[in-house]
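Here are my notes for you, as a colleague with the model open alongside. I have set them out as numbered points so that you can check each one at the bench or on the screen.

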Amino acid sequence: MKTFFNILAHGFLWILTIVPYRWTVAIGHALGSIAPLFSKSRVKIVNANLKACFPNLTQEERDVLAKKHWRLLGRSFAERGRLWLGSAESINQFVTVYPEVDMNDGKPRLYVSMHMAGIEAGLIAITMHLKKIKAAPGITLYVFMKNDYFEPRIKKWRERFGAKMLLRESHGRELIREARKGTFVCLSPDMDLGRRDSEFVPFFGVSTNTVLSVSKMAKLAGAEVCPIFTTLRADQSGYDCHVGKPWPNFPSDDPVADTVRMNQYFEEVIKPRIPEYYWIHKRFKNRPEGEPSIY
């Protein structure tokens, strides 16, 4: 039965590559509208995150944000049919990369992405951009899926334009080595990855367990750090993937201060587009000693 549903889901992804893009968006919005009915635990997480980060809003205002968030999540999942199985031309129709640095200049560099609704679209579009400018294939990290059917397939689909996907739990030395060579190496540190090599630093006023790896790896690689964030266009026709200029004086000799600056940058990106951030993650899973869980 599990295999049947996996094949059914695979077929659904394929169908989404051939229908008009506007249909994909509509299907995604519909999926996002009904998803909370089947995922009460995730509804609780989204609501708890919004309440912790925006305590000055009314419950009604947070409910509006949550509703928009679920619709964008549904859209982003529906779009993965095109991103994973569709043609390069179909992807170029709804996501564009805007780099503010020469991504093929060979400079030691780390890129830092954040979990917005368009993260999958942005990173795949960057892979295509690197291929277009004849740069070395990029490296991004991923989390192992427990689904035996989709785990190898999604990895293959994400790598089809030349990317190299590495498990998040390993390959630290390889990442540093590749960053030194000027290879595109992207980290997404805005998740609670456990207490190891992490510190509690502010994120929307909440003391948040955050890895120090961006600062430390950049220091070891002698690399500058550039942000990446993918945002929904104002007319909602697709996404713009922004590759920003290097953060000045980053890394410093203080990885905790650097990590505070990183979270502040994330906040500034999120504030104008709150529903686009991945509030579905348990961002505040670990708490400082003596603080109760927000979930």
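1. Let's begin with the cysteines: how far is the sulfur of C241 from the closest cysteine sulfur, and in which residue does that sulfur lie? The partner is C186, at 8.8 Å from the sulfur of C241, which is too far for a bond. A disulfide here is a pair of cysteine sulfur atoms within 2.5 Å, and a search of the whole structure finds zero of them.

2. A word on what you are looking at. This is a predicted model, in which local features need pLDDT of at least 70 and side-chain atom pairs count only at pLDDT 80 or more, while totals for chains, interfaces and linings use all residues. Residues are numbered from 1 along each chain as its sequence is written, and side-chain values use heavy atoms, with hydrogens and water left out.

3. Staying with cysteines, C241 is buried, at 0% relative accessibility. C53 is buried too, with a relative accessible area of 6%. For these labels, buried means under 20% relative accessible area, exposed means over 50%, and partly exposed is in between (1.4 Å probe, protein chains only).

4. Now for the charges. Side chains of opposite charge can pair when their charged atoms come close. The structure holds 12 salt bridges, each being a side-chain nitrogen of Lys or Arg within 4 Å of a carboxyl oxygen of Asp or Glu.

5. One of these joins E79 and R75, with 2.8 Å from N to O. Both residues sit in helix α4 (residues 59–85), and because they are four residues apart there, about one helical turn separates them. Helices such as this are DSSP runs (H or I, at least four residues), strands are runs of E (at least two), and both are numbered from the N terminus. Is R75 buried or exposed? R75 is buried, at 0% relative accessible area, and E79 is buried as well, at 2%.

6. R158 and E120 form another salt bridge, again 2.8 Å from N to O. This pair links distant parts of the chain, 38 residues apart: R158 belongs to helix α7 (residues 150–158) and E120 to helix α6 (residues 119–132). R158 is partly exposed, with a relative accessible area of 22%, whereas E120 is buried, at 10%.

7. In a third example, the side chains of D197 and K216 meet at 2.7 Å, N to O, in a salt bridge. D197 lies in the loop between β5 (185–187) and β6 (198–203) and K216 in helix α9 (residues 213–221), so the contact ties together parts that are 19 residues apart in sequence. D197 is partly exposed at 36% relative accessibility, and K216 is partly exposed at 34%.

8. Please also look at D105, R109 and E224, which are linked in a network of salt bridges.

9. Which residues gather in a patch of positive charge on the surface? They are R42, K44, K282 and K285. A patch takes residues with over 30% relative accessible area and no salt bridge, and joins like charges within 9 Å. K285 lies in the segment after α10 (255–270) and is partly exposed, at 46% relative accessibility.

10. Finally, a small point about A179, which is found in helix α8 (residues 172–180). A179 is buried, at 1% relative accessibility. A179 and G138 are 41 residues apart in sequence, with 9.9 Å between their C-alpha atoms in space.

Technical notes: Patch = residues over 30% accessible without salt bridge, like charges linked within 9 Å, V, L, I, M, F, W, Y side chains within 5 Å. Areas by Shrake-Rupley, 256 points an atom, 1.4 Å probe, with all protein chains shown as cover. Lys, Arg positive; Asp, Glu negative; His and termini not counted. Charge placed at Lys NZ, Arg CZ, Asp CG, Glu CD.
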